[in-house]
2 protein chains.
Amino acid sequence: MQRDTVQRRAIRKVFKDLGRPLSPLEILQTARAQVPNLGIATVYRSVKGLTDEGWLVPIDVPGEPQRYELSGKDHHHHFSCRQCGRIFDFDGCPKDLAKLVPQGFLMEDHEVFLYGRCADCRKAR
Amino acid sequence: MQRDTVQRRAIRKVFKDLGRPLSPLEILQTARAQVPNLGIATVYRSVKGLTDEGWLVPIDVPGEPQRYELSGKDHHHHFSCRQCGRIFDFDGCPKDLAKLVPQGFLMEDHEVFLYGRCADCRKAR
DNA sequence: GTATTTTCGATATGCATTGTCAATCGGGAG
DNA sequence: CTCCCGATTGACAATGCATATCGAAAATAC
């Protein structure tokens with residue numbers, strides 16, 4: 001069974017604190033504040049475990065490494081800040097997607113990505 | 001200077017014939033109909049050349065290898081068929097994206113991906 | 001307390017992509 | 001048209017990156 005270790009507690013805390021999709025490297029860097037010599041292998045193992053048990057879900061962002069976020073959120077999409085590289089959630093999605101589907105095609109799912117500057121980066125400069 | 005070789009002619013022809021975004025492997029497999037022992041390195045080299053001169057543009061599809069398509073098309077997005085794995089273009093895009101941007105964020109760009117079955121795959125079964 | 005799982009750190013894998021190099025080809029000079 | 005040289009090719013090895021695995025040491029659950 002999955003044990004409750006300081007490393008896994010730290011990783012879970014990182015997700016609950018930041019509340020946005022994180023890459024393995026972001027998880028590592030943030031969790032090291034609590035567990036200084038956390039290994040990247042442990043991050044991958046824990047993420048895999050947490051994904052298998054459904055606590056995390058994988059997120060694919062075009063041209064970026066795999067990220068993960070807490071499962072169970074409402075339907076939403078992602079905003080990528082070109083300056084700081086962070087990914088944020090936003091609620092809602094376009095309502096007129098069905099009109100765009102080509103003749104004869106069947107749409108089962110959709111993804112929307114917005115790119116730009118996040119509030120922090122706009123303020124910073 | 002760039003020479004006009006049978007390999008590059010074949011690769012350009014593949015893009016003009018298929019008219020959809022192609023991965024290096026798709027290019028290789030299709031172009032081998034004309035140039036049987038075309039090498040993958042040549043595909044990468046040619047694609048890089050064609051991209052540098054602006055004839056191709058790179059396309060990132062979440063969770064998939066890089067693809068390329070002819071430049072100069074009108075604004076459009078991509079449909080990914082879950083059955084055959086091919087990527088198709090579709091025109092137009094949602095008009096109500098601006099409403100979705102979080103407070104204080106600046107949207108500079110957007111991407112939309114649709115997933116499902118293409119017309120061929122729906123017919124096939 | 002003891003058996004078992006988990007960790008770390010290094011090393012290994014899988015994959016897409018790039019480099020190497022001898023052999024070949026393209027295309028302008030003659 | 002033919003020659004010639006540098007650009008290009010194809011096979012293969014090498015890289016880069018994300019991810020997985022290994023074994024000894026440490027931590028956890030019962």
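**Figure 1. The exposed side of helix α1 of chain B in a predicted model.** Lys16(B) and Asp17(B) are exposed, and they lie on the other side of α1(B) from its buried residues. In this predicted model, helix α1 of chain B comprises residues 6-18.

**Figure 2. The buried face of α1(B).** Four residues of the helix are buried: Ala10(B), Ile11(B), Val14(B) and Phe15(B). Viewed down the helix axis, these buried residues fall within an arc of 135°, so they line one face of α1(B). A general property of helices helps in reading this view: an α-helix has 3.6 residues a turn, so residues three or four places apart point the same way. The buried residues of α1(B) pack against two helices of chain B, α2 (24-31) and α3 (40-52). They also pack against two strands of chain B, β1 (56-59) and β2 (67-70).

**Figure 3. The length and the end of α1(B).** How far apart should the ends of this helix of 13 residues be? At 1.5 Å a residue, α1(B) should span 18 Å, and its end C-alpha atoms are indeed 18 Å apart, so the expected and modelled values agree. Just after the helix comes Gly19(B), which takes a positive phi of about 60°.

**Figure 4. The fold of chain A.** Chain A contains four helices and five strands. Along the sequence, these elements follow the pattern α-α-α-β-β-β-β-β-α. Taken along the principal axes, the C-alpha atoms of the chain fill a box of roughly 55 × 45 × 25 Å. Of the contacts in chain A with a separation of 6 or more, 48% are between residues 24 or more positions apart.

**Figure 5. The surface and the charges of chain A.** Chain A exposes about 6,900 Å², and carbon and sulfur atoms supply 50% of this area. Buried residues make up 42% of the 125 residues in the chain. Chain A carries 20 positive and 16 negative side chains. The centres of these two sets lie 8 Å apart.

**Figure 6. The surroundings of Ser80(A) in strand β3 of chain A.** Ser80(A) belongs to strand β3, which comprises residues 76-81. Is Ser80(A) buried or exposed? Its relative accessibility is 7%, and because buried means under 20%, Ser80(A) counts as buried. Leaving aside residues up to four places away in sequence, Ser80(A) touches Glu64(A), Arg86(A) and Ile87(A), as well as Leu114(A), Tyr115(A) and Gly116(A).

Definitions and conventions: Residues numbered from 1 in each chain as written. Chains lettered and ligands numbered in written order. Predicted model: local features only at pLDDT ≥ 70, side-chain atom pairs only at ≥ 80, totals over all residues. Heavy atoms only, no water. Expected span 1.5 Å × (residues − 1). Buried < 20%, exposed > 50% of the residue type's maximum accessible area, 1.4 Å probe, protein only. Arc of directions from axis to C-beta. Contact = heavy atoms within 4.5 Å. Areas by Shrake-Rupley, 256 points an atom, 1.4 Å probe, with all protein chains shown as cover. Lys, Arg positive; Asp, Glu negative; His and termini not counted. Charge placed at Lys NZ, Arg CZ, Asp CG, Glu CD.
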